[in-house]
Amino acid sequence: MRVKSIKNVDAFFKALDLCNGRVELITDEKDVLNLASKLTQFIGLTRIFSNPEIDSYEIVCYDINDYEIIKEFLVPVES
């Protein structure tokens, strides 16, 4: 899913803890961040969120049930 932002980042991090499969954030530069990693969550996402040049990114869930867990925190890019 193409996303422009994440609302309630703290709750999003807690929701990621409930996910069973791999959840990734992929930038337009093809950087892939494994969101299961706490280090990635705190360092990588801080960098993504603080960079005004990154206006959207892809969130990929390898387990459809994980998408159901995190979707309420994702703000999709409008087509």
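Which are the buried residues of helix H1 (residues 9–18)? They are Ala-11, Phe-12, Phe-13, Ala-15 and Leu-16, and the close-ups below take them up again after a look at the whole chain. Please keep in mind throughout that this is a predicted model.

**Figure 1. The whole protein, with its three helices and five strands.**
Starting at the N terminus, the elements follow one another as β-α-β-β-α-β-α-β. Along the principal axes, the C-alpha atoms fill a box of roughly 30 × 30 × 25 Å. The radius of gyration is 11 Å, which agrees with the value near 12 Å for a compact globule of 79 residues. Of those 79 residues, 33% count as buried. Among contacts with a separation of 6 or more, 70% are made by residues 24 or more positions apart.

**Figure 2. The surface and charges of the protein.**
About 5,000 Å² of the protein is accessible surface, and carbon and sulfur atoms account for 52% of this area. The protein carries 9 positive and 14 negative charges, and the mean positions of the two sets are 2 Å apart. Five salt bridges are present in the structure; the views in Figures 5 and 6 show some of them.

**Figure 3. The buried side of helix H1 and its packing partners.**
Here we return to Ala-11, Phe-12, Phe-13, Ala-15 and Leu-16, the buried residues of H1. They pack against strands and helices alike: E1, E2 and strand E5 (74–76), together with helix H2 (38–50) and helix H3 (64–70). Just ahead of the helix, in the loop between E1 and H1, sits Asn-8. Asn-8 is not a glycine, yet its phi is positive, at about 55°. Most residues other than glycine have a negative phi, which makes this loop a good place to pause.

**Figure 4. A closer look at Phe-13 in helix H1.**
Phe-13 has a relative accessible area of 10%, so it counts as buried. Setting aside neighbours within four places in sequence, the contacts of Phe-13 are Lys-38, Gln-41, Phe-42 and Leu-45. For a sense of scale, take Ile-54: it is 41 residues from Phe-13 in sequence, and their C-alpha atoms are 20 Å apart in space.

**Figure 5. The salt bridge between Asp-28 and Arg-2.**
The closest N and O atoms of this pair are 2.5 Å apart. Asp-28 belongs to the loop between strand E2 (23–26) and strand E3 (32–34), while Arg-2 is in strand E1 (residues 2–6), so the bridge ties together parts that are 26 residues apart in sequence. Both partners count as partly exposed: Asp-28 has 45% relative accessibility, and Arg-2 has 28%. The loop between E2 and E3 also holds Lys-30, a residue that is not a glycine but has a positive phi of about 70°. With a relative accessibility of 64%, Lys-30 counts as exposed.

**Figure 6. Two further salt bridges, and a network.**
Glu-24 and Arg-22 form a salt bridge in which the closest N and O atoms are 2.5 Å apart. Which of these two is buried, and which is partly exposed? Glu-24 is the buried partner, at 6% relative accessibility, whereas Arg-22 is partly exposed at 41%. Elsewhere, the side chains of Glu-68 and Lys-71 form a salt bridge with an N to O distance of 2.9 Å. Glu-68 is partly exposed, with 44% relative accessibility, and Lys-71 is also in the partly exposed class, with 37%. Arg-2, Asp-28 and Glu-58 are joined into one network by salt bridges that share partners.

**Figure 7. Cys-61 and its surroundings in strand E4 (residues 57–61).**
How buried or exposed is Cys-61? Its relative accessible area is 22%, which puts Cys-61 among the partly exposed residues; the cut-off for buried is under 20%. Not counting residues up to four places away in sequence, Cys-61 touches Arg-22, Val-23, Asp-66, Tyr-67 and Ile-70. Arg-22 in this list is the salt-bridge partner of Glu-24 from the previous figure. Phe-73 is twelve residues from Cys-61 along the chain, and 14 Å separates their C-alpha atoms.

Note on methods:
Residues numbered from 1 in each chain as written. Predicted model: local features only at pLDDT ≥ 70, side-chain atom pairs only at ≥ 80, totals over all residues. Heavy atoms only, no water. Helix = DSSP H or I, 4+ residues; strand = E, 2+ residues; numbered from the N terminus. Rg over C-alpha atoms; globule rule 2.2 N^0.38 Å. Buried < 20%, exposed > 50% of the residue type's maximum accessible area, 1.4 Å probe, protein only. Contact = heavy atoms within 4.5 Å. Areas by Shrake-Rupley, 256 points an atom, 1.4 Å probe, with all protein chains shown as cover. Lys, Arg positive; Asp, Glu negative; His and termini not counted. Charge placed at Lys NZ, Arg CZ, Asp CG, Glu CD. Salt bridge = Lys/Arg side-chain N within 4 Å of Asp/Glu carboxyl O.
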